[in-house]
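User: I have a structure open and I'd like to learn how to read it. Could you walk me through it, one feature at a time?

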Amino acid sequence: MNFFKLTENKKLFKNTYWGLFSTKDRTETEMEEINKIVENRNKFVKDFQIKKISTLPSKLKKELEKTYPYYLDHVEIYKTEDNKYIIVNSPYTNNTCQKYNELLSLGWKVIDKLYFNNATTFIKIIDPEDLILTKKEQAHNFYKDHDKTPILCECGETYSYFHKSRHMKSKYHIGITNIIKKHI
Ligand SMILES: [Zn+2]
């Protein structure tokens, strides 16, 4: 039997990597471990009000890129009832590993294990509204940075990033660059 069939939310876990493992030939000890994980999964759905499994929206890609590929394993993405994303990440690590602490410092939180006992499950909850805000902030910073930095032109004058095209069309710039071209 596949693991997902042991859970209360078969539809939800049917298409996960974990959900497709089989209970075939498992020892009693292994089954105990699996049943505990199943219990944790049932609790996870309730605690975090999981609505459905989600694919990776491009806005989440950047969030994942912050965490090096080395730290990502068995990733599952869910959407909650209030439309937040939960990234579930279960790499093989425990609290004696450097990897574990690195993940905490990258903003991941530890929850009850959702994979196997030798892996730790970390989550990140992402509010899509925060991502939009972050994008706005990024744009704001970009404008601020570029507006301040004068760019030295080959004609000897400086212009700000946002006045580049105006400068390139100016009589002064065209006149000087024509002289330069003649002498090359
Ligand atoms: Zn110029």
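Analyst: We'll start with the overall layout and then move on to single residues. One thing to keep in mind is that this is a predicted model.

User: Fine. Which domains is the protein divided into?

Analyst: There are two entries here: domain 1 covers 3–132, and domain 2 covers 133–183. To see how they sit, look at their centres and then at their contacts. The C-alpha centres of domain 1 and domain 2 are 48 Å apart. As for contacts, 4 residues of domain 1 meet 4 residues of domain 2. On the domain 1 side of that meeting place you'll find 2 nonpolar residues, 2 charged ones and no polar ones.

User: How many helices and strands does the protein have?

Analyst: You can count 7 helices and 7 strands. Their order along the sequence is α-α-β-α-β-β-α-β-β-α-β-β-α-α. Now for the overall spread: the radius of gyration is 26 Å, and the globule rule for 184 residues gives 16 Å, so the protein is more spread out than a compact globule. The box around the C-alpha atoms, taken along the principal axes, is roughly 85 × 35 × 25 Å.

User: What share of the residues is buried?

Analyst: Buried residues account for 15% of the 184 in the protein. Another thing to look at is how far apart in sequence the contacting residues are. Taking contacts between residues at least 6 apart in sequence, 48% of them join residues at least 24 apart.

User: Let's go inside. Which residues have the most contacts within the largest nonpolar core?

Analyst: Those are Val-88 and Leu-114, in a core of 13 residues. Next, ask which elements feed the core. Helix H1 (10–13), helix H2 (28–47) and strand E3 (85–89) each give two or more residues to this core. E3 supplies the largest share, with 3 residues. You can also look around Leu-114 itself: beyond its neighbours within four places in sequence, its contacts include Ile-37, Phe-44 and Val-88. Asn-40, Arg-41, Ser-90 and Thr-121 are among the contacts of Leu-114 as well.

User: And how do I read the strands? Which way do E3 and E5 run, parallel or antiparallel?

Analyst: For strands, check the direction and then the bridges. E3 and strand E5 (residues 121–126) run antiparallel, joined by 5 bridges. As one example, Ile-86 has Ile-125 in E5 as its bridge partner. E5 also pairs with strand E4 (residues 109–111): that pair is antiparallel too, with 3 bridges. There, Ile-111 is matched with Thr-121 in E5. Here's a general idea to carry with you: in a regular strand, the side chains alternate between the two faces of the sheet.

User: Let me try a single residue. Is Asn-89 buried or exposed?

Analyst: The trick is to count the C-beta atoms around it, where 20 or more within 10 Å makes a residue buried. Asn-89 has 23 other C-beta atoms within 10 Å, so it is buried. You'll find Asn-89 in strand E3. Setting aside neighbours within four places in sequence, Asn-89 is in contact with Leu-72, Asp-73, Val-75, Trp-108 and Phe-122. The C-alpha atoms of Asn-89 and Lys-109 are 9.8 Å apart, and these residues are 20 apart along the chain.

User: What about Leu-64? Where is it found?

Analyst: Leu-64 is in helix H3 (residues 58–65). With 18 other C-beta atoms within 10 Å, Leu-64 is partly exposed. Outside its neighbours within four places in sequence, Leu-64 is in contact with Leu-72 and Ile-87. For a long view, compare Leu-64 with Ile-176: they are 112 residues apart along the chain, and their C-alpha atoms are separated by 48 Å.

User: Last topic: backbone angles. What is the phi of Gln-49?

Analyst: Phi of Gln-49 is near 45°, a positive value in a residue other than glycine. Gln-49 sits in the loop between H2 and strand E1 (50–53), and is partly exposed, with 13 other C-beta atoms within 10 Å. Asn-83 is another case, with phi near 65°. Its place is the loop between strand E2 (76–80) and E3. Asn-83 has 10 other C-beta atoms within 10 Å, so it is exposed.

Methods. Residues numbered from 1 in each chain as written. Predicted model: local features only at pLDDT ≥ 70, side-chain atom pairs only at ≥ 80, totals over all residues. Domains from an automatic or database assignment. Contact = placed C-beta atoms within 7 Å. Nonpolar A, V, L, I, M, F, W, Y, C, P; charged D, E, K, R; others polar. Helix = DSSP H or I, 4+ residues; strand = E, 2+ residues; numbered from the N terminus. Rg over C-alpha atoms; globule rule 2.2 N^0.38 Å. Buried ≥ 20, exposed ≤ 12 C-beta atoms within 10 Å, placed from the backbone. Core = buried A, V, L, I, M, F, W, Y, C linked by C-beta atoms within 7 Å. Pairing = 2+ DSSP bridges.
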